[in-house]
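Biologist: Please take a close look at a single part of this model, the aromatic pair that is stacked, and describe its setting in connected prose.

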Amino acid sequence: MLCAGRLGGLGSRAAPLWPGRAGSRGLGARIRARGVSTSWFPVGAAFNVKPQGRRLDLFGERRADFVKIAHPEPAFREAAEEACTSIGTAVEKLNTNVELYRSLQKLLADKKLVDSLDPETRRVAELFMFDFEISGIHLDKEKRKRAVDLNVKILDLSNTFLMGTNFPNKIEKHLLPEHIRQNFVVAGNHVIVDGLHAESPDDLVREAAYKIFLYPNAGQLRCLEELLSNRDLLAKLVGYSTYSHRALQGTIAQSPETVMQFLEKLSEKLSERTIRDFEMIRGMKMKLNPQNSELMPWDPPYYSGVIRAERYNIEPSLYCPFFSLGACMEGLNTLFGRLLGITLYAEQPAKGEVWCEGVRKLAVVHESEGLLGYIYCDFFQRAGKPHQDCHFTIRGGRLKEDGDYQLPVVVLMLNLPHPSRNLPTLLTPGMMENLFHEMGHAMHSMLGRTRYQHVTGTRCPTDFAEVPSILMEYFANDHRVVSQFARHYQTGQSLPKNMVSRLCESKKVGAAADMQLQVFYAALDQIYHGKHPLTASTTDILRETQEKFYGLPYVPNTAWQLRFSHLVGYGAKYYSYLMSRAVASMVWKECFRRDPFNRTAGERYRREMLAHGGGKEPMLMVQGMLQKCPSIDDFVSALVSDLDPDFETFLMDSE
């Protein structure tokens, strides 16, 4: 997950310090190689031991939007919150500075001058113009004030809605059967339900949690309706027919029409597989609960898990001893070394450099270019730490005036158990895959070599930003990669190939139904941000969209959309994960499936995709990597083919 967050108002970018022209030496020629350090030490060992107990109390770079979320001390979080507000206000003033806007408008109107700019500079100028205009700066004074007021209102509504998505519901305890009450928090005469309890083996517990947690809250419903309405008003005010049209400019998809075409074609291709998945899941429910075998929306996650366990014996405790954190980090080191000529070295942070003593600092070093940047690994659990796995950009890379390159700095935040004196941190297969995913974001940041910080690394369109991280999941599920590092932490035994293959194939159980669910969510997001006024209530639209794109019945008196937190950060862009996965799947199959350590493909991947950040149109990067222009049908085929059994699995299981 990306938490790179630009500073400033909703969807805004900071105004530029004016860029250079084409005709100068290339960026690569102007970046001097960084020397190596004698203080670096092997990365694997750094993660399988406890830290030395050195007291570290402050993060030197002080990126406020990270500190307000991650710092363990409340005073720092509060100060960072104030800093974010102050910086946001300052940036918003720049984004509404008419003089700056007119200067940029004049530049872009001068064809001769625009033609003299290098492609990245031209793109950055166009991005700034886009951000100026979606803020309404091109409007007259009265409309400009209206746009500012709408942005403020949308921000407030977004924060309110986001808080409401996690707020628990309660019910009088006498309304619940006594034998299931112990599964929930009981407070006086009420039972508190704070989630869906999707993994509970008791059908009645899951049903009760679903109906209570998703029971509509009138205030949250009004908040969502106002949020969608105000987004639509803002989009129309600044010249777009819908909010979705505004949000999708500059993405791979480009338009909501393309997104809906993608979702409808994918839904059509998934249809038969989804029906088979539901029949399989229904069969397992009938086997375990013959008195109530109707398949309901609260059933697939639990029964899919039961089928996976029964068919493939993938109990996490069987795998954890092979996935010590140190071994996994060495696996990443080996992969990056062979693909990209990169080594990760652990480096002792200076006193006061980091915010918690469990944080490790990694230097990212290229075999010929030297130091490329730093990754701070905040991997271990602690009280008050957010439970999300995240990547934060602390400092973006950019070309400085003296010709030197400002090295990128990022933080990866996970929630892993601490190592002890006798036991290293052991990862479940899911944790290992998440580690690879987040490291994909980090390498995107490390290998971006853009002239401007504004478009560095992961600062690119949403439907492209997840491509490098999802691609890393394919490496994490390839037995040739896993065999390089998966060793039992006590015996040194390699993880057997058939265990790797069982794990990979188990993920395909119910995968079509899971993908169909994501299609439903993405379609719902598009409809909510499409033409207004909406043709029905948000709940009626939910019911209709669920029937069309998912297949399991809508449950009366529920309102799942009120828990759909992604409507805030990914409004009109929820499809992005599916499209990014489609691109990653195509890159894997075309470039790495035959040989996951192919150095030539790795260098092309860096050159065509990672190096540009958001400084190049995303589809041009995809074309450069795949050496063809993929169609919507290509994207759909790539996703659907991932659901097919892997022939190599059967070969490995027969060994």
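**A stacked aromatic pair and its surroundings**

Modeller: In this predicted model, Y521 has a relative accessibility of 13%, under the 20% limit, and therefore counts as buried. Its partner in the pair is W560, which at 15% relative accessibility counts as buried too. The two rings are stacked, with 4.1 Å from centre to centre and 5° between the planes. Y521 belongs to helix α21 (residues 511-528), whereas W560 lies in the loop between α22 (538-549) and α23 (566-569), so the pair ties together parts that are 39 residues apart in sequence.

The pair also has a wider aromatic setting. Y521 and W560 are members of one aromatic cluster, together with F278, F520, Y550, F564 and Y574. Over the whole structure, the search finds 21 aromatic pairs.

Aromatic rings also take part in contacts with charged groups. R563 lies over the face of F213, at 3.6 Å from the ring centre. In another such contact, the charged end of R338 sits over the ring of F597, 3.9 Å from the centre of that ring.

R338 falls within α15 (325-340), a helix that supplies at least two residues of the lining of the largest cavity, as do α16 (429-447), α18 (467-476) and α25 (599-610). This cavity has a volume of about 100 Å³, and the count comes to three cavities of 30 Å³ or more. Among the residues that line the largest cavity are F336, M443, F475 and Y605. By class, the lining has eleven nonpolar residues, one polar residue and no charged residues.

Note on methods:
Residues numbered from 1 in each chain as written. Predicted model: local features only at pLDDT ≥ 70, side-chain atom pairs only at ≥ 80, totals over all residues. Heavy atoms only, no water. 1 Å grid on protein atoms, 1.4 Å probe; cavity = no way out; pocket = protein on both sides within 12 Å on 5 of 7 lines; lining within 4 Å. Points joined across faces, edges and corners; volume = space filled by probe spheres on them. Helix = DSSP H or I, 4+ residues; strand = E, 2+ residues; numbered from the N terminus. Nonpolar A, V, L, I, M, F, W, Y, C, P; charged D, E, K, R; others polar. Phe/Tyr/Trp six-rings, centres within 6.5 Å; stacked < 30°, edge-to-face > 60°. Buried < 20%, exposed > 50% of the residue type's maximum accessible area, 1.4 Å probe, protein only. Lys NZ or Arg CZ within 6 Å of the ring centre and 35° of its normal.
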